[in-house]
Amino acid sequence: MTGPREHIVRVFRNADELSRAAAEGITRRADRTVRERGRFTIALSGGSTPKILYSLLASSDSPYRERMPWGDTHFFFGDERHVPPDHPESNYRMAHEAMLVKVPVPTENVHRVKTEKPDASEAASDYEHVLREFVDHDEGAAPRFDLVLLGMGTDGHTASLFPGTAALTEKSRFFVANRVAKFDAHRLTMTLPVINNAAVVMFLVAGSDKADVLQRVLEKRRDRQNELFPAQLVRPLNGEVSWLIDGAAATHLHLEG
Ligand code: 6PG
């Protein structure tokens with residue numbers, strides 16, 4: 001058991017270069033994991049930043065499509081909005097259109113959250129069973145993803161773990177319906193016990209609007225309520241965290257070297 005490792009921070013000129021680096025890292029890790037253990041489990045992030053990455057992985061013009069072991073990769077979602085899977089705000093729809101529909105991944109390897117269920121808690125509980133069934137974990141431990149992709153909002157949220165929300169303190173359930181007041185809605189989200197049990201967590205952060213919160217998060221500052229930002233709570237005990245950021249988001253960082 002290794003202790004918490006330092007976060008790896010890599011700055012790229014723009015979102016395209018950031019996405020290429022992410023595709024490089026994901027496909028190499030997937031290829032190696034499948035060779036070693038026969039399959040690769042990845043939790044996809046939502047929002048807009050990962051769209052370029054997903055399109056790049058699916059593109060027949062890129063080396064990543066060929067390298068990715070699609071048939072042995074299982075795709076999950078780190079969080080989801082409580083909307084139907086064909087809704088414009090659905091993270092599943094975004095990943096499906098940008099990547100999943102274009103690549104030879106078996107349908108049964110794509111595990112979406114059944115958000116058509118009217119009860120958000122039921123949809124979350126249903127998905128928790130999926131995680132328990134499909135994702136490796138030691139007896140009694142949280143599922144251990146090979147890789148969890150995350151983004152970060154301007155308030156320091158990640159997945160759908162928003163500041164001041166109940167899901168932030170969830171210690172036993174792995175996937176919950178999280179009431180987010182500012183949306184007056186539930187978001188469905190993976191909890192920290194799962195995220196912090198991942199082998200690799202990869203944050204993708206781009207855009208000048210993230211520069212202020214990114215500096216606070218990486219330089220271990222706290223928010224106005226003197227709380228840690230949700231993204232700061234991502235500290236896998238036995239896994240590595242890498243931050244892939246673009247120059248615009250890195251504006252306020254004081255990076256050595
Ligand atoms: C979501 C995401 C969320 C996202 C951040 C950043 O469902 O929206 O999981 O955590 O990663 O809000 O979003 P952008 O990439 O659009 O800035």
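The following paragraphs describe the fold of a single chain, from its overall dimensions to its sheets, its core and a few individual residues.

The structure is a predicted model, in which local features need pLDDT of at least 70 and side-chain atom pairs count only at pLDDT 80 or more, whereas totals for chains, interfaces and linings use all residues. Residues are numbered from 1 along each chain as its sequence is written, and side-chain values use heavy atoms, with hydrogens and water left out.

The chain contains seven helices and nine strands, where helices (H or I, at least four residues) and strands (E, at least two) are DSSP runs numbered from the N terminus. With a radius of gyration of 17 Å, close to the 18 Å that the globule rule gives for 257 residues, the chain is as compact as a globular protein of that length; this radius is taken over C-alpha atoms, and the rule is 2.2 Å times the number of residues to the power 0.38. The C-alpha trace spans about 45 × 40 × 40 Å along its principal axes. Of the 257 residues, 54% are buried, a term that stands for under 20% relative accessible area, with exposed meaning over 50% and partly exposed in between (1.4 Å probe, protein chains only). The chain exposes about 11900 Å², of which carbon and sulfur atoms supply 48%; accessible areas come from the Shrake-Rupley method with a 1.4 Å probe, and for residues only the protein chains shown count as cover. Among contacts in the chain (heavy atoms within 4.5 Å) with a separation of 6 or more, 74% are between residues 24 or more positions apart.

Strands of a sheet pair through backbone hydrogen bonds, either parallel or antiparallel, and two strands are taken to pair here if DSSP finds at least two bridges between them. One open sheet consists of six strands in the order 1-9-8-5-2-3, with parallel pairing. Its edges are formed by strand 1 (8-12) and strand 3 (73-77), each of which pairs on one side only, and the twist averages 20° from one strand to the next. Within this sheet, strand 2 (residues 40-44) and strand 5 (residues 147-150) run parallel and are joined by two bridges, with isoleucine 42 standing opposite leucine 147 in strand 5. Helix 5 lies across strand 2 and strand 3 and runs at about 155° to strand 3, where axes are lines fitted to C-alpha atoms, for helices over the stretch in contact, and angles run from 0 to 180 degrees between N-to-C directions.

A further open sheet has three strands in the order 4-7-6, and the pairing is antiparallel. Strand 4 (79-81) and strand 6 (175-180) are its edge strands, each pairing on one side only, and the twist here averages 25° from one strand to the next. Strand 7 (residues 185-190) pairs with strand 6 over six bridges and with strand 4 over three bridges. Arginine 187 in strand 7 stands opposite asparagine 178 and also opposite arginine 81. In the hairpin of strand 6 and strand 7, which has four residues between the strands, aspartate 184 takes a positive phi near 50°. Helix 5 (residues 120-134) lies across strand 6 and strand 7 as well, running at about 150° to strand 6.

The largest nonpolar core has 83 residues, and those with the most contacts inside it are Met99, Phe145 and Trp243; such a core is a set of buried Ala, Val, Leu, Ile, Met, Phe, Trp, Tyr and Cys residues joined through side-chain atoms within 4.5 Å. Helix 1 (residues 15-37) gives the most to this core, with seven residues. Methionine 99 touches Leu44, Tyr54, Leu57, Ala58, Trp70 and Phe75, when residues up to four places away in sequence are not counted.

Several loop residues were also examined. Threonine 191, in the loop between strand 7 and helix 6 (192-195), has a relative accessibility of 0% and therefore counts as buried. With residues up to four places away in sequence left out, threonine 191 touches Glu170, Arg173, Phe174, Phe175 and Val176. Alanine 159 lies in the loop between strand 5 and strand 6, where this residue is buried, with a relative accessible area of 11%, and has a phi near 50°, a positive value in a residue other than glycine. Asparagine 226, placed in the loop between helix 7 (211-218) and strand 9 (240-246), likewise has a positive phi, near 60°.
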